[in-house]
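Q: Please take a close look at the nonpolar core of this protein chain. I would like the answer to place the core within the chain as a whole.

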Amino acid sequence: MRPIWISPRAQSGFGLVELMIAMTLGLVLLGGIGYIFIGSRGAFRATDNLSRMQENARYALDTMSRDIRMAGYVGCGNMASVRVNTIANAPVPPMTPGNALIGYDGGVGWVNPTAITRVANTDVLSVMGAFSNGVNLTGNLAPQNANVQINGNPDGFQAGDVLVITNCVNADVVKATNVANAGTTVTIAHSNASNTGNRIGVYGSDAFVMRMNQYSYFIGTNPAGNPALYRVGLSGNAEELVENVQDMQFSYGLDTTLPTPDGAVDSYTKTPGNWAQVVSVTVSLLMRSPDNNLSTSAQPYTFNNVATNANDRRLYQVYSATVGVRNRLPPM
C-alpha cells in the first residue's frame with residue numbers, strides 16, 4: 001500500500017506567535033475585567049459606608065432632638081407656669097428650669113455613672129423631663145396620701161421609677177417605692193425610704209402620672225473598641241445608640257432679652273452662664289465609616305472649627321441639627 005502524503009498547507013493549528021498574541025489579548029481582557037471589578041467593589045464599599053454613616057447620624061440626631069425638645073417637660077404648658085416640688089432623694093436632681101438641660105464642655109464636671117470610658121474632649125449633654133404618656137389618677141386624691149392610684153398600668157411603672165404627678169399647675173417629683181396591682185387598680189407608693197417626705201400636694205381626677213428621667217448623652221468606647229454614642233439615665237444603665245461617632249459637640253442659643261424673654265436666640269455659646277436662658281441646642285456629630293482603607297490617603301476634615309487630618313483611611317462626615325427647647329419658649 002502506498003503511504004498517504006498530506007500537503008503542509010492542509011495542516012491546521014496555532015503557531016507560537018499566534019499563541020502569544022492570543023494569550024496577551026486574554027491577559028489584557030482579564031486585567032480590564034479585574035480593574036472594573038475592583039473599582040465597582042470599591043465604589044460599593046464607599047457607598048455602603050456612606051449610607052450607614054448617614055443612617056446612624058440620622059438616628060442619633062432624631063433621638064437626641066426628641067429628648068432636647070422635651071427637656072423640662074412636666075405634663076403641659078411652659079415650665080415657668082408650673083410649680084414643681086421635688087421630694088425624690090438624690091441622685092434625682094431637683095426639677096428646675098436651670099437644670100432641666102445642662103451641658104458639659106469637653107465633659108468637664110460631668111460624673112460618669114457607668115464603667116464605660118468616655119472619649120476625651122467630647123461634650124456631654126444632660127436633659128431632664130417627663131418621657132412617657134400620662135395616666136390619670138383615680139384614687140387617694142385627697143387628703144394628702146403616701147400613695148396614689150391609677151386604673152391599669154399602661155406605661156409599666158415599677159418600684160424605683162422616678163415619677164411626676166401633675167395637674168398643670170402644681171407638680172411633685174417622687175420616687176416610687178412600691179407598685180401594687182389589685183385588679184384594675186394600681187397603687188403607687190412613695191415612702192420616706194426614697195423620698196424626703198411621703199406626702200404630696202392635693203390632686204383631683206384631672207391630675208396624671210408620668211415617668212421622669214434625666215438622660216445624659218456621651219461618647220464612650222464600646223466593647224469592640226469603637227467610639228459610640230451612649231445614653232444613660234438615672235438608673236445608671238447605659239445603652240449604646242450608634243457606634244463610630246468620633247466626636248460630639250454642642251452649642252447653645254441663649255435668650256438674654258430682659259426683662260421679659262421673647263424666645264428668640266440672641267447669642268450662641270458653648271458655656272452658658274445661665275442654663276435657664278438656653279432656648280435652642282445645636283448638635284454636631286463627627287461620624288466615621290465603619291470600614292477602614294476606603295480612601296487612597298488620609299482624609300482631611302473640619303470639625304468644631306478645627307481642621308484635622310485623619311490618622312487612618314476611613315471616611316469622615318459632619319452632621320448637625322439645631323433643636324428648640326420647647327418648654328423654654330413663650331406661649332404662642
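A: A residue counts as buried when its relative accessible area is under 20%. By that cut-off, buried residues account for 42% of the 332 residues in the protein chain. The model is a predicted one.

The largest nonpolar core holds 42 residues. Within this core, the residues with the most contacts are Met64, Ile68, Leu101, Leu229, Val281 and Leu285. Helix H1, which covers residues 16–69, supplies the largest share of the core, with 7 residues. Separate from this core is a second one of 18 residues, with Met79, Ala88, Ala171 and Met212 among them.

Methionine 64 can be followed outward. Apart from neighbours within four places in sequence, methionine 64 is in contact with Tyr217, Leu229, Met248, Phe250, Val283 and Leu285. Leu229 and Leu285 are also listed among the core residues with the most contacts.

As for the chain around the core, the secondary structure amounts to 1 helix and 18 strands. Taking contacts between residues at least 6 apart in sequence, 65% join residues at least 24 apart.

The overall dimensions are as follows. The C-alpha trace spans about 130 × 55 × 40 Å along its principal axes. The radius of gyration is 32 Å, whereas a compact globule of 332 residues would have one near 20 Å.

On the outside, the accessible surface is about 17,600 Å², and carbon and sulfur atoms make up 54% of that area. The charged side chains number 20 positive and 20 negative, with the centres of the two sets 9 Å apart.

Methods
Residues are numbered from 1 along each chain as its sequence is written. This is a predicted model: local features need pLDDT of at least 70, side-chain atom pairs count only at pLDDT 80 or more; totals for chains, interfaces and linings use all residues. Side-chain values use heavy atoms; hydrogens and water are left out. Helices (H or I, at least four residues) and strands (E, at least two) are DSSP runs, numbered from the N terminus. The radius of gyration is taken over C-alpha atoms; the globule rule is 2.2 Å times the number of residues to the power 0.38. Buried means under 20% relative accessible area, exposed over 50%, partly exposed in between (1.4 Å probe, protein chains only). Contact means heavy atoms within 4.5 Å. Accessible areas come from the Shrake-Rupley method with a 1.4 Å probe; for residues, only the protein chains shown count as cover. Lys and Arg count as positive and Asp and Glu as negative; His and the chain ends are not counted. The place of a charge is taken as NZ of Lys, CZ of Arg, CG of Asp or CD of Glu. A nonpolar core is a set of buried Ala, Val, Leu, Ile, Met, Phe, Trp, Tyr and Cys residues joined through side-chain atoms within 4.5 Å.
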